[in-house]
Amino acid sequence: MKEVVLHVYDVTNSDSEKTNNTILQINRIFKDRIGLGGIFHSAVQVYGEEEWSFGFCETGSGVFSCPVGKNPMYTYRERIVLGETECGIADVNRILRELSHKWPGHSYDLLSRNCNHFCDVLCERLGVPKLPGWVNRFANAGDTAVVVAENTAVKFRQAKTEIVNASRVAYRFMAGLAAKNQASPESPGNNQNRGSPTFQGAWFKNIISAGAKPSSSGSTPSQDTDDGSPPWRQNSTEQSTRL
């Protein structure tokens, strides 16, 4: 198949059922009700029944694959057809090999180098549109280049109290995961201001200001192949702080 499909999951990989339910609530409010975005994991499918994504691991490549829609760490949400690629199977395998070297697992960062950023880069290499802006909106909250649409602003005013309350929960969740990643010696860039009140206010303001702009942007690979069966597979014990 030439068709390139994006598979989107709700990030429900916490050990706490309460936390998982909170994330589902956040996603329902921010994505389903007002169209801004949420806390999502994504993966790209092209040629076959495997989806490709990126996540944290201490050694080796963070690029991994799993059966389409079957990532056991998250709750499957939807599929989005992004377009068709002109790349053949051999070209796709070559691209995945190159990205596997450029995206080591220890370089994972929740806010600047997550699974959605990887999927953006992969889509660009495949010659199809990048991810819809809402998929990675929370991580890209600093990008305010596009003003939010009028209908979104209206919905925001109508549900202001509920959304503000949910935003606080979302902020604590995102800031907590970011802090956890920053605390790891493998994770680059220790930003001491992420948990400050100033950062919290700016973070939510940027979430609201960001428009529908596309987001910018395991196991270790084995021997190279050009037959349509790339060798990476997901390790089910991978760290559960991916986005």
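Strand β4 is mostly covered, with four of its five residues buried, and this strand offers a convenient way into a model that is predicted. Five bridges join β4 to β3, and the two strands run antiparallel. Within this pairing, Trp52 stands opposite Ser65 in β4, while Phe54 stands opposite Val63, likewise in β4.

From this pair one can widen the view to the whole sheet, which is open and is formed by five strands in the order β4-β3-β2-β1-β5, with antiparallel pairing. Because β4 (63–67) and β5 (75–84) stand at the edges and each has a single partner strand, one side of each is left without a neighbour in the sheet. From one strand to the next, the twist averages 30 degrees. In general terms, the strands of a sheet pair through backbone hydrogen bonds, either in parallel or in antiparallel fashion.

The sheet is one part of a chain that contains six helices and five strands. Read from the N terminus on, the elements follow the pattern β-α-β-β-β-β-α-α-α-α-α. Of the 243 residues in the protein chain, 51% are buried, and the accessible surface of the chain comes to about 11100 Å², of which 50% belongs to carbon and sulfur atoms.

Next comes strand β2, which spans residues 40–45 and is mostly covered, six of its six residues being buried. How do the residues of β2 divide between the two directions in which they point? Phe40, Ser42 and Val44 point one way, whereas His41, Ala43 and Gln45 point the other way, and all are buried. As a general rule, the side chains of a regular strand alternate between the two faces of the sheet.

The partners of β2 can be taken in turn. Strand β1, residues 3–10, is joined to β2 by six bridges, and these two strands run antiparallel; here Tyr9 has His41 in β2 as its bridge partner. Strand β3, residues 50–54, is joined to β2 by two bridges, again with the strands running antiparallel, and Gln45 has Glu51 in β3 as its bridge partner.

Between β2 and β3 the chain forms a hairpin with four residues between the strands. Tyr47 is found in this loop, and the residue has a positive phi of about 55 degrees although it is not a glycine. The background to that remark is that most residues other than glycine have a negative phi.

Helix α1, residues 17–33, packs on the sheet, where it touches β1, β2 and β5, and its direction makes about 35 degrees with that of β5. The loop between β1 and α1 contains Asn13. Is Asn13 buried or exposed? With a relative accessible area of 13%, Asn13 falls under the 20% limit and therefore counts as buried. The C-alpha atom of Asn13 is separated by 8.7 Å from that of Pro72, although the two residues are 59 residues apart along the chain.

A further contact to examine is the one between two helices, α2 (residues 89–102) and α3 (residues 115–126), which pack at an angle of about 145 degrees with their axes 11 Å apart. The crossing in which α2 passes α3 is right-handed. On the α2 side the residues are Val92, Arg94, Ile95, Leu96, Glu98 and Leu99, and on the α3 side they meet Phe118, Val121, Leu122, Arg125 and Leu126. By residue type, this contact of α2 with α3 divides into eight nonpolar, no polar and three charged residues.

One residue of this contact, Leu122 in helix α3, can be followed back to the sheet. Why does Leu122 count as buried? Its relative accessibility is 1%, and the cut-off for a buried residue is under 20%, so Leu122 belongs to the buried class. Leaving aside neighbours within four places in sequence, Leu122 is in contact with Val44, Trp52, Ile95, Leu96 and Leu99. For Leu99, the C-alpha separation from Leu122 is 8.0 Å, with the two residues 23 residues apart along the chain. Among the other contacts of Leu122, Val44 is one of the buried residues of β2, and Trp52 is the residue that stands opposite Ser65 in β4, the strand with which this account began.

Notes:
Residues are numbered from 1 along each chain as its sequence is written. This is a predicted model: local features need pLDDT of at least 70, side-chain atom pairs count only at pLDDT 80 or more; totals for chains, interfaces and linings use all residues. Side-chain values use heavy atoms; hydrogens and water are left out. Axes are lines fitted to C-alpha atoms, for helices over the stretch in contact, and angles run from 0 to 180 degrees between N-to-C directions. A crossing is left-handed if the near helix is turned anticlockwise from the far one by less than a right angle, and right-handed if clockwise. Contact means heavy atoms within 4.5 Å. Ala, Val, Leu, Ile, Met, Phe, Trp, Tyr, Cys and Pro count as nonpolar, Asp, Glu, Lys and Arg as charged, and the others, Gly among them, as polar. Buried means under 20% relative accessible area, exposed over 50%, partly exposed in between (1.4 Å probe, protein chains only). Accessible areas come from the Shrake-Rupley method with a 1.4 Å probe; for residues, only the protein chains shown count as cover. Two strands pair if DSSP finds at least two bridges between them.
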